Amino acid sequence: MTDAPCCPVCGNEITPEREKKWNHEGAWIYFDDMGCRNRFIGNPEKYGAGAS
Ligand SMILES: [Zn+2]
C-alpha cells in the first residue's frame, strides 16, 4: 500500500500533479491546491502545525 499524503486543510489525497508545498518553520507541508495552502498560511495552528 502507498502512504499518499493528505492535505491537512481539507483531507484530500494529494496527487503529484496537484501538489503545492509550503515550508513552515523548516518543515515541508503539502497541499492539494493553493486555496488550502493559503488557508493554512493564514492560520497554521488550526491545521496542526507544530504537532509533531
Ligand atoms: Zn486541500
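The paragraphs below go through this structure from its overall layout to single residues.

This is a predicted model, in which local features need a pLDDT of at least 70 and side-chain atom pairs count only at pLDDT 80 or more, while totals for chains, interfaces and linings use all residues. Residues are numbered from 1 along each chain as its sequence is written. The term pLDDT stands for the predictor's confidence in each residue, from 0 to 100. The protein chain has an average pLDDT of 89, and 90% of its residues score at least 70.

The protein chain contains one helix and two strands. Helices (H or I, at least four residues) and strands (E, at least two) are DSSP runs, numbered from the N terminus. Read from the N terminus, the order of the elements is β-β-α. Confidence is highest in helix H1 (residues 34-42), at 96, and lowest in E2, at a mean of 93.

The two strands come before the helix in this order. Strand E1 (residues 20-24) and strand E2 (residues 27-31) run antiparallel and are joined by five bridges. Two strands pair if DSSP finds at least two bridges between them. One bridge links Asn 23 to its partner Trp 28 in E2. Lys 21 stands opposite Tyr 30, which is also in E2. Together E1 and E2 form a hairpin with two residues between them, and Glu 25 in the turn has a positive phi of about 50°.

Next comes the overall form of the chain. Along its principal axes, the C-alpha trace spans about 30 × 25 × 20 Å. The radius of gyration is taken over C-alpha atoms, and the globule rule is 2.2 Å times the number of residues to the power 0.38. For 52 residues a compact globule would have a radius of gyration near 10 Å, and the protein chain agrees with this because its own value is 10 Å.

What share of the 52 residues counts as buried? The share is 15%. A residue is buried if 20 or more other C-beta atoms lie within 10 Å of its own, exposed if 12 or fewer, and partly exposed in between, with C-beta atoms placed from the backbone.

In soluble globular proteins, nonpolar side chains tend to be buried together. Here the largest nonpolar core has six residues: Cys 7, Val 9, Ile 29, Phe 31, Cys 36 and Phe 40. A nonpolar core is a set of buried Ala, Val, Leu, Ile, Met, Phe, Trp, Tyr and Cys residues joined through C-beta atoms within 7 Å. E2 and H1 are the elements that give two or more residues to this core.

Cys 7 lies in the segment before E1. Why is Cys 7 counted as buried? Cys 7 is buried because it has 22 C-beta neighbours inside 10 Å. Leaving out residues up to four places away in sequence, Cys 7 touches Asn 12, Ile 14, Phe 31, Asp 32 and Cys 36. Two residues are in contact if their C-beta atoms, placed from the backbone, lie within 7 Å. With the same residues left out, the contacts of Ile 29 include Lys 21, Trp 22 and Phe 40.

Ala 49 lies in the segment after H1. Ala 49 is partly exposed, because 17 other C-beta atoms lie within 10 Å. Beyond its neighbours within four places in sequence, Ala 49 is in contact with His 24 and Pro 44.
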